[in-house]
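Thanks for coming. I have one structure to go through today, and I will keep to what can be read from it.

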Amino acid sequence: MLRVAVPNKGALAEPASEMLGEAGYRRRHDRDLTVLDHANEVEFFFLRPKDIPIYVGNGELDLGITGRDLAIDSGADVEETLALGFGASTFRYAGPAGADWKPADLAGRRVATSFPNLVREDLRKHGVEARVIRLDGAVEISVQLGVADAIADVVETGRSLRQHNLVPFGDPICVSEAVLVQRGGIEASKRQSQLTARLRGVVFAQQYMMLDYDCPRELLERAIAITPGLESPTVAPLADEDWVAVRAMVPRKEVNRIMDELADAGAKAILASDIRSCRL
Ligand SMILES: Nc1ncnc2c1ncn2[C@@H]1O[C@H](COP(=O)(O)OP(=O)(O)OP(=O)(O)O)[C@@H](O)[C@H]1O
Ligand SMILES: O=P(O)(O)OC[C@H]1O[C@H](OP(=O)(O)OP(=O)(O)O)[C@H](O)[C@@H]1O
Ligand SMILES: [Mg+2]
């Protein structure tokens, strides 16, 4: 059995389980802490994302889904094998609005954070000596309560910072998203590689869409230039010899621009559909 750790709570839990379901693995029932997927010979363990790098780094579990920021902060011996495209955030310093903060201004001050190792390492890189105050959450409140002079925390939309009259400063300490990790320095087993390939298929599928359209034969060259596909687009004859059907994968982010261009070029019946999974 392959033993895989999955976040059981927080921002990463639902999208991680959803992605494993899309990749064909058995879904979690209620709040079960383990799920045995006999068909795929995988056992899933639902753990706090913060603890996951520790289990994987010690070799108790073979693979884990966690946040890049959490993996780095844990100091565990893990390496990232796949970025999963959800749970995106930046990890940043922030201080009271009104001052033009720089990381150097943290010297001799107190910085509150839930990611003390990540912050210590970054302060060291900046050559700044500051006191790191470790808190478990709601870090934004610590400044107004007088526990810290500045913070370092996860920023997604920036709403929490604004609500507490804090402004981010300095370059992001970490640009994070959910990642798949394995123990450092080991070669992936066949089963590990298979799960990774399945997830890669889902990640990739989410970044692309399938476009189908009808195109006058004389405009085909132009249409192919607009939708070159991965290898090259599929072109099939239609009953009307003056027309062909074209099928190509296109980046999801560009799908509307591409559909506009095809329509302007003379394509008709342009359909965009989701791809659930793929192997390239
Ligand atoms: N809006 C967000 N808030 C917190 N973490 C986020 C957010 N967006 C993405 N993440 C990522 O989720 C991971 C943190 O998940 P974790 O479960 O530890 O905290 P949480 O989502 O805040 O849950 P909790 O309610 O337990 O505090 C980190 O990798 C972080 O970068
Ligand atoms: O930039 P934003 O979109 O506001 O998101 C970031 C905030 O969300 C998270 O807090 P959460 O609500 O999980 O509470 P916590 O601090 O107790 O973990 C995170 O710790 C930040 O505080
Ligand atoms: Mg939180």
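I will take the domains, then the two sheets, then the two ligands.

One thing before the details: this is a predicted model.

The domain assignment gives domain 1 as 2-86 + 177-188, domain 2 as 89-175 and domain 3 as 209-274. So much for the bounds; now the first pair. The C-alpha centres of domain 1 and domain 2 are 28 Å apart. Contact between them involves five residues of domain 1 and six residues of domain 2. On the domain 1 side, those residues are one nonpolar, one polar and three charged.

UniProt has its own spans, both from an unreviewed entry. It lists "domain: ATP phosphoribosyltransferase catalytic" at residues 48-200. That span is 26% helix and 33% strand, and its end C-alpha atoms lie 23 Å apart. The other feature, "domain: Histidine biosynthesis HisG C-terminal", is placed by UniProt at residues 205-276. Here the end C-alpha atoms lie 6 Å apart, with 29% helix and 40% strand.

Now the sheets. A general reminder: strands of a sheet pair through backbone hydrogen bonds, either parallel or antiparallel.

One open sheet has six strands in the order β2-β3-β1-β4-β11-β5, and its pairing is mixed. Why do β2 and β5 each have one side without a neighbour in the sheet? Both stand at the edges, β2 at 34-37 and β5 at 78-83, and each has a single partner strand, so one side is left without a neighbour. On average, neighbouring strands of this sheet are turned by 30 degrees against each other, direction ignored.

At the β5 edge, β5 pairs with β11, residues 178-183, in the antiparallel sense over five bridges. Within that pairing, Val 78 has Arg 183 in β11 as its bridge partner. Two helices pack on this sheet. Helix α1, residues 13-22, touches β1, β4 and β11, and its direction makes about 140 degrees with that of β1. Helix α6, residues 190-207, touches β1, β3, β4, β5 and β11; the direction of α6 makes about 40 degrees with that of β5.

Another open sheet has four strands, ordered β13-β14-β12-β15, with antiparallel pairing. Which strands are at its edges? They are β13, at 234-237, and β15, at 268-274, each pairing on one side only. The twist averages 20 degrees from one strand to the next. Strand β12, residues 208-216, runs antiparallel to β15, and five bridges join them. Asp 214 stands opposite Lys 268 in β15. Helix α8, residues 255-265, packs on this sheet against β12, β14 and β15, with its direction at about 165 degrees to that of β15.

Last, the ligands. Ligand 1 is surrounded by 15 residues, and the closest are Gly 10, Ala 11, Gly 67, Ser 89 and Glu 156. The shell draws at least three residues from each of domain 1 and domain 2. By class, the ligand 1 shell has five nonpolar, six polar and four charged residues.

What surrounds ligand 2? The residues include Gly 137, Ala 138, Val 139 and Glu 140, and also Asp 153, Val 154 and Val 155. Glu 156, Thr 157, Gly 158, Arg 159 and Ser 160 are around ligand 2 as well. Strand β9, at 150-155, and helix α5, at 159-163, each supply at least two residues of this shell. The largest share, three residues, comes from β9. By class, the ligand 2 shell has four nonpolar, four polar and four charged residues.

Notes:
Residues numbered from 1 in each chain as written. Chains lettered and ligands numbered in written order. Predicted model: local features only at pLDDT ≥ 70, side-chain atom pairs only at ≥ 80, totals over all residues. Near = placed C-beta within 6 Å. Nonpolar A, V, L, I, M, F, W, Y, C, P; charged D, E, K, R; others polar. Pairing = 2+ DSSP bridges. Axes fitted to C-alpha atoms, helices over the stretch in contact; angles between N-to-C directions. Contact = placed C-beta atoms within 7 Å. Domains from an automatic or database assignment. UniProt positions renumbered as here; feature names shortened; annotations may be inferred.
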